[in-house]
Amino acid sequence: MKFRARMSEAFCMRTLSTIVTTISKLTKLCVLRLAKEHFYFIVLDDSALPLRTLVWCSMQQSHFFNEYRLVGMPEDEDEIYLELSPDLLASSLSSLKVNVSAAKTMKIKLTHKDTPRLTLEIELPTQTSQSRICMHEVPVQVVPYRRWGDYSEPAVLEPDISIEMPNLKLLRNITERFKKLANFVNVFAGADGQLMLNAETSMAAVTTHFRNLQVFNVKDKNAGPFCTRVDVRKLTSFMTCEQVCPTRVTCHVKAGTSIQLVAEHADMNLSFYLAGVDE
């Protein structure tokens, strides 16, 4: 089992650091799945039984890395699953945010001393002709083959409607206020391009409307707005994706059942799954 990769593009280093920071705000523990063509950050919803996927982030390795060498375990699978703290990884990558314009390269490799680790070597220039190396080690646990099925790609959601999401920063300000009113929020999406968020208590009902949003797909244009009730705190946590500056964010609604939020950026796709909550 071996893994070694090298990255030298400033934009890619900055993007990876931002994505890991975003994921660190969503969870305390995640799995890094390394495969030949892609690498993935996967988060399970540990509050649900059976376990289900909360976050699925897919990234094309050839876009981010100049070199990428992988020998999986078992070798015929050519994959490695590593459980780690995204917060520790984000801290290790934080030097890129300060020195990203100057960083020459970053190397990542799987090492094993007393325990398995991801070792990061960030090459930074100095005022002399020599460079200096900033090293970090992130402890990891190798996920055994028998547990790989827990981290399979979620089944494709067949939504009733797929609609463009409004500005995430604005949306986060709104859901932060909803958190003070209620534990859950009703998400309505209509074929007319309207998205509504509604929170209700015994004392008040508050609704926010967003209009003229692009509708990508709808099963029945004559049906009323499709609604799913979700945990407002989990919905708010997704809004941290705005740090990645996604090119498009889409909300897929399966009425009364679930919501899938998808943020797309370059060769990265981050999906956030929210199960519907009964009244």
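**Exercise 1. A strand and its partner**

Which residue in β5 is the bridge partner of phenylalanine 3? Work this out in the predicted model, and then describe how the side chains of strand β5 are arranged.

*Solution.* Begin with the pairing of the two strands: strand β1, which covers residues 2–7, is joined to β5 by 5 bridges, and the two run antiparallel. Within this pairing, the bridge partner of phenylalanine 3 in β5 is leucine 70. Next, follow β5 itself through residues 67–71, where Tyr68 and Leu70 point to one face and are buried, while Glu67, Arg69 and Val71 point to the other face and are not buried. This agrees with a general rule, since in a regular strand the side chains alternate between the two faces of the sheet.

**Exercise 2. The sheet of 4 strands**

Find the order of the strands in the open sheet that contains β12, β13, β14 and β16, and explain what is special about the strands at its edges.

*Solution.* First, write down the order, which is β14-β13-β12-β16, with antiparallel pairing. The edges are taken by β14 (205–210) and β16 (226–231), and each of these has a single partner strand, so one side of each is left without a neighbour in the sheet. From one strand to the next, the twist averages 20°. As a second step, look at one pair in detail: β13 (residues 195–200) is joined to β14 by 6 bridges in the antiparallel sense, and asparagine 198 has threonine 207 as its bridge partner in β14. Finally, add the helix that packs on this sheet, namely α4 (residues 168–179), which touches β12 (184–189), β13 and β14, and whose direction makes about 170° with that of β14.

**Exercise 3. The sheet of 10 strands**

Trace the open sheet of 10 strands from one edge to the other, and then place helix α1 on it.

*Solution.* The order to follow is β10-β6-β2-β3-β4-β19-β18-β17-β11-β15, and the pairing is antiparallel. The edge strands are β10 (141–142) and β15, each of which pairs on one side only. At the β15 end, strand β11 (residues 161–164) pairs with β15 over 3 bridges, and serine 162 has asparagine 217 as its bridge partner in β15. Helix α1 lies across β3 (38–45), β4 (52–60), β18 (258–265) and β19 (268–275), and runs at about 10° to β3.

**Exercise 4. The nonpolar cores**

Which residues have the most contacts inside the largest nonpolar core, and which helix gives the most to this core?

*Solution.* The largest nonpolar core has 76 residues, and those with the most contacts inside it are Phe3, Phe39, Phe41, Leu118 and Phe238. Helix α1 (residues 10–24) gives the most to this core, with 6 residues. To see what surrounds one of these residues, take leucine 118 and leave aside its neighbours within four places in sequence: its contacts then include Phe3, Leu32, Leu82, Leu84 and Ile108, and also Glu137 and Val140. A second, separate core has 11 residues, among them Tyr40, Ile42, Tyr151 and Tyr273.

**Exercise 5. Two residues with positive phi**

Asparagine 212 and cysteine 245 each have a positive phi. Is asparagine 212 buried or exposed, and is cysteine 245 buried or exposed?

*Solution.* Asparagine 212, which is not a glycine, has a phi of about 60° and sits in the loop between β14 and β15 (215–218). A residue counts as exposed when its relative accessible area is over 50%, and asparagine 212, at 74% relative accessibility, is therefore exposed. Cysteine 245 is likewise not a glycine, and has a phi of about 55°; its place is in the loop between α5 (232–238) and β17 (248–254). With a relative accessible area of 55%, cysteine 245 is exposed.

**Exercise 6. Empty space**

How many cavities of 30 Å³ or more are there, and which strand gives the most to the lining of the largest pocket?

*Solution.* The count comes to 2 cavities of 30 Å³ or more, and the largest cavity holds about 120 Å³ of space. This cavity is lined by 14 residues, of which Leu16, Leu32, Phe41, Phe65 and Ile108 are the closest to its centre. Turn now to the largest pocket, which has a volume of about 310 Å³ and is lined by 19 residues, with Thr27, Leu29, Val43, Leu44 and Asp46 nearest its centre. At least two residues of the pocket lining come from each of β2, β3 and α5, and β3 gives the most, with 4 residues.

How values were computed: Residues are numbered from 1 along each chain as its sequence is written. This is a predicted model: local features need pLDDT of at least 70, side-chain atom pairs count only at pLDDT 80 or more; totals for chains, interfaces and linings use all residues. Side-chain values use heavy atoms; hydrogens and water are left out. Buried means under 20% relative accessible area, exposed over 50%, partly exposed in between (1.4 Å probe, protein chains only). Two strands pair if DSSP finds at least two bridges between them. Axes are lines fitted to C-alpha atoms, for helices over the stretch in contact, and angles run from 0 to 180 degrees between N-to-C directions. Contact means heavy atoms within 4.5 Å. A nonpolar core is a set of buried Ala, Val, Leu, Ile, Met, Phe, Trp, Tyr and Cys residues joined through side-chain atoms within 4.5 Å. On a 1 Å grid over the protein atoms alone, a cavity is a set of points where a 1.4 Å probe fits but cannot get out, and a pocket is an open set with protein on both sides within 12 Å along at least five of seven lines; lining residues have an atom within 4 Å of a point. Grid points are joined across faces, edges and corners, and a volume is the space filled by probe spheres set on the points.
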